[in-house]
Amino acid sequence: MKISCYERWSIQEGRGIHPLSIQEAEKFHQQQKHYVAEIIHDKRYVVNVNFNFEGYFCSAKLLNQYGKEIILAAYQLHEGNLFLRNVQMRKYDENQEPVGMVSFVYELDGRYKKAILEAQYHNDKVTSNEEVTYGKTNVDHHFRDMIQFGKYESILVGIESFLDEI
């Protein structure tokens, strides 16, 4: 497994910006400063650690071979651990243009909002269609152990299971 750390991640370029040594990134983690870890082990993941206690604490992304985000799993702090609050799954065409997204936003009590967005590109124009539904599900499996520096397994486990939802 290879881990590289950065101060930021460029979504457009699919790469980290301002590389950090492992020691620098560990200090960022200890000082609760934002950093990004890119993990390559069979698949390519990006862990974005925000230390934003009022919003999303961290997120994990599964990338395709072009550096495009396929799945995003975003976590909120809850009673000292993490709660999977938002999941986004993206589809791309052969030119790596986004053509669809399925998004879930979960509440602690199991309520959720599901949005399906489809986009079509014709002559430099984009048309989109969005369908929103609401429901309730068991979210017991959405709770994760708090991440430690270099140990992101708790938020990476199961991320690939969402591939079936696309």
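Which residue of β4 does E38 stand opposite? The legends below begin there. They describe a predicted model.

**Figure 1. Strands β3 and β4 run antiparallel.**
E38 stands opposite V46 in β4, which answers the opening question. Strand β3 covers residues 35-41, and 7 bridges join this strand to β4. The turn of the hairpin has 1 residue between the strands. There, D42 takes a positive phi near 65 degrees. Most residues other than glycine have a negative phi.

**Figure 2. Strand β4 also pairs with β5.**
Strand β5 spans residues 56-63. The two strands pair in the antiparallel sense, over 6 bridges. Look for V49: the bridge partner of V49 in β5 is C58. How many residues of strand β4 are buried? The count is 5 of the 7 residues in 43-49, so β4 is largely enclosed by the rest of the structure.

**Figure 3. The largest nonpolar core has 35 residues.**
The residues with the most contacts inside this core are Y35, V47, I147, Y152 and I155. Several elements give two or more residues to the core: α1 (22-30), β3, β4, β5, β6 (69-78), β7, β8 and α2 (153-156). Strand β7 gives the most, with 5 residues. In soluble globular proteins, nonpolar side chains tend to be buried together.

**Figure 4. V47 touches many residues from elsewhere in the sequence.**
Neighbours within four places in sequence are left aside here. The contacts of V47 then include Y35, V36, A37 and I39. S59 and A60 are also in contact with V47. So are Y152, I155 and L156. Apart from the 35-residue core lies another core, of 5 residues. Among its members are Y6, W9, V36 and V46.

**Figure 5. F104, Y106 and Y112 form a cluster linked by ring pairs.**
A search of the whole structure finds 6 aromatic pairs. One of them joins F104 and Y112, with ring centres 5.9 Å apart and planes at 55 degrees, so this pair is tilted. Y106 and Y112 form another tilted pair. Their rings are 6.1 Å apart, centre to centre, with 50 degrees between the planes. Are the three residues buried or exposed? F104 counts as buried at 8% relative accessibility. Y106 is buried too, with a relative accessible area of 7%. Y112 is partly exposed, at 21%. The cut-off for buried is under 20%, so Y112 does not count as buried.

**Figure 6. The charged end of K33 sits over the ring of F28.**
This view shows a charge and a ring. The distance from the charged end of K33 to the centre of the F28 ring is 4.3 Å.

**Figure 7. Q96 is a buried loop residue.**
Where does Q96 lie? Its place is the loop between β7 (81-92) and β8 (98-106). Q96 has a relative accessible area of 15%. That value is under 20%, so Q96 counts as buried. The side chain of Q96 makes a polar contact of 2.9 Å with the side chain of N64. Leaving aside neighbours within four places in sequence, Q96 is in contact with N64, Y66 and K68.

**Figure 8. Strands β1 and β2 form an antiparallel hairpin.**
Strand β1 covers residues 2-10, and 5 bridges join it to β2. Y6 stands opposite P19 in β2. Between the strands of the hairpin are 4 residues. G14 takes a positive phi near 65 degrees in this hairpin.

**Figure 9. H18 and E79 have positive phi values without being glycine.**
H18 is in strand β2, which covers residues 15-20. The phi of H18 is about 60 degrees. H18 is partly exposed, with a relative accessible area of 41%. E79 is found in the loop between β6 and β7. The phi of E79 is near 50 degrees. Is E79 buried or exposed? At 71% relative accessibility, E79 counts as exposed.

Methods: Residues are numbered from 1 along each chain as its sequence is written. This is a predicted model: local features need pLDDT of at least 70, side-chain atom pairs count only at pLDDT 80 or more; totals for chains, interfaces and linings use all residues. Side-chain values use heavy atoms; hydrogens and water are left out. Rings of Phe, Tyr and Trp (its six-membered ring) pair if their centres lie within 6.5 Å; planes under 30 degrees apart count as stacked, over 60 as edge-to-face and the rest as tilted. Buried means under 20% relative accessible area, exposed over 50%, partly exposed in between (1.4 Å probe, protein chains only). A charge sits over a ring if NZ of Lys or CZ of Arg is within 6 Å of the ring centre and within 35 degrees of the ring normal. A polar contact is a pair of N or O atoms within 3.5 Å; within protein, one must be able to donate a hydrogen and the other to accept it, and residues adjacent in sequence count only if both atoms are side-chain atoms. Contact means heavy atoms within 4.5 Å. Two strands pair if DSSP finds at least two bridges between them. A nonpolar core is a set of buried Ala, Val, Leu, Ile, Met, Phe, Trp, Tyr and Cys residues joined through side-chain atoms within 4.5 Å.
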